[in-house]
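Student: I am new to this structure. Please pick one strand and take me through it closely, along with the parts that surround it.

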Amino acid sequence: MTRWLAISNRTNWEITRKKNIWGVPQRNKSIIERVKPGDTVLIYVSQQKEGDTLLPSAVTGAFEVVSEPYEERTKVFVAPEQMGDEVFPYRIKLKPVNVFDLPVEFKPLIPKLKFITNKTMWTGHIRQAMRVIPEEDYQTVLDAAKP
């Protein structure tokens, strides 16, 4: 079983949470093709400004993959402005494992996460739609989500 970190924004996180699907852009097809049923995915949402409030980057929940990757071009996700009419056509179906009551703020986790080797320039480690993370990092995030 592989542990994945899926990088999103809050709008698409809400779509993933409601519809139990995850999609990646055309350019990330080779990454999602490596995902298998039984793998788990943590959803990371990037920092976002909402009015005068800055919402921090966070992990919002854990999901189990319940389908093989498939292609579907129905518009479900919202493409950021710089991505034009991207529909995130390569998708997987998910089942919630643990949707956190409160998102786990990401920055305090950085010193503990093994996959982030450059702790100062950490955003370089999350510049693609998905990436494999070690089991230890998956557990670190789940532990941080416990009340």
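**A close look at strand E1**

Tutor: Start with a pair: Leu5 has Leu42, in strand E3, standing opposite. Keep in mind that this is a predicted model. Leu5 belongs to one face of strand E1, and E1 spans residues 3-8.

Now the strand as a whole. Is E1 enclosed or open? Buried means under 20% relative accessible area. By that cut-off, 6 of the 6 residues of E1 are buried, so the strand is largely enclosed by the rest of the structure. Take the two faces in turn. One side carries Arg3, Leu5 and Ile7, and these are buried. The other side carries Trp4, Ala6 and Ser8, and these are buried too. Both faces of E1 are therefore covered, in line with the burial count for the strand.

Next, the partners. E3 covers residues 40-45, runs parallel to E1 and is joined to it by 6 bridges. Strand E9, residues 130-133, pairs with E1 in the antiparallel sense, over 4 bridges. Ala6 has its bridge partner in E9, namely Met130.

Go back to Leu5 and look at what packs there. The largest nonpolar core has 20 residues. Which members touch the most others? They are Leu5, Leu42, Phe106 and Phe115. So the Leu5 and Leu42 that face each other across E1 and E3 are both among these well-connected members of the core, as buried nonpolar residues joined through side-chain atoms. Five elements give two or more residues to the core: E1, E3, strand E6 (58-65), strand E8 (90-105) and helix H3 (135-145). H3 supplies the largest share, 3 residues.

Follow Phe115 from here. Leave aside its neighbours within four places in sequence. Phe115 is then in contact with Leu5, Phe106, His125, Ile126, Arg131, Ile133, Pro134 and Asp137. That list ties Phe115 to Leu5 of the strand we began with. A second, separate core holds 19 residues, including Trp13, Val41, Ala58 and Ile92.

One contact of Phe115 deserves a stop: Asp137. Asp137 lies in helix H3. Asp137 is buried, yet has no salt bridge. How far away is the nearest side chain of opposite charge? That side chain is Lys114, at 6.1 Å. A salt bridge needs the two charged groups within 4 Å, so Lys114 is too far from Asp137 to make one. Asp137 does touch Lys112, Leu113, Lys114 and Phe115, not counting residues up to four places away in sequence.

Last, look along the chain to helix H1, residues 10-19. A side-chain oxygen of Asn9 reaches to within 3.2 Å of the backbone nitrogen of Thr11, at the start of H1. The buried residues of H1 are Arg10, Asn12, Trp13, Ile15 and Thr16. Trp13 is also a member of the second core. Asn20 follows H1 and sits in the loop between H1 and strand E2 (21-24). Its phi is positive, near 55°, in a residue other than glycine. With a relative accessible area of 23%, Asn20 is partly exposed.

To sum up: E1 is buried on both faces. E1 pairs with E3 in parallel and with E9 in the antiparallel sense. Its Leu5 is one of the members that touch the most others in the largest nonpolar core.

Technical notes:
Residues numbered from 1 in each chain as written. Predicted model: local features only at pLDDT ≥ 70, side-chain atom pairs only at ≥ 80, totals over all residues. Heavy atoms only, no water. Buried < 20%, exposed > 50% of the residue type's maximum accessible area, 1.4 Å probe, protein only. Pairing = 2+ DSSP bridges. Core = buried A, V, L, I, M, F, W, Y, C linked by side-chain atoms within 4.5 Å. Contact = heavy atoms within 4.5 Å. Polar contact = N/O pair within 3.5 Å; in protein donor to acceptor, adjacent residues only side chain to side chain. Lys, Arg positive; Asp, Glu negative; His and termini not counted.
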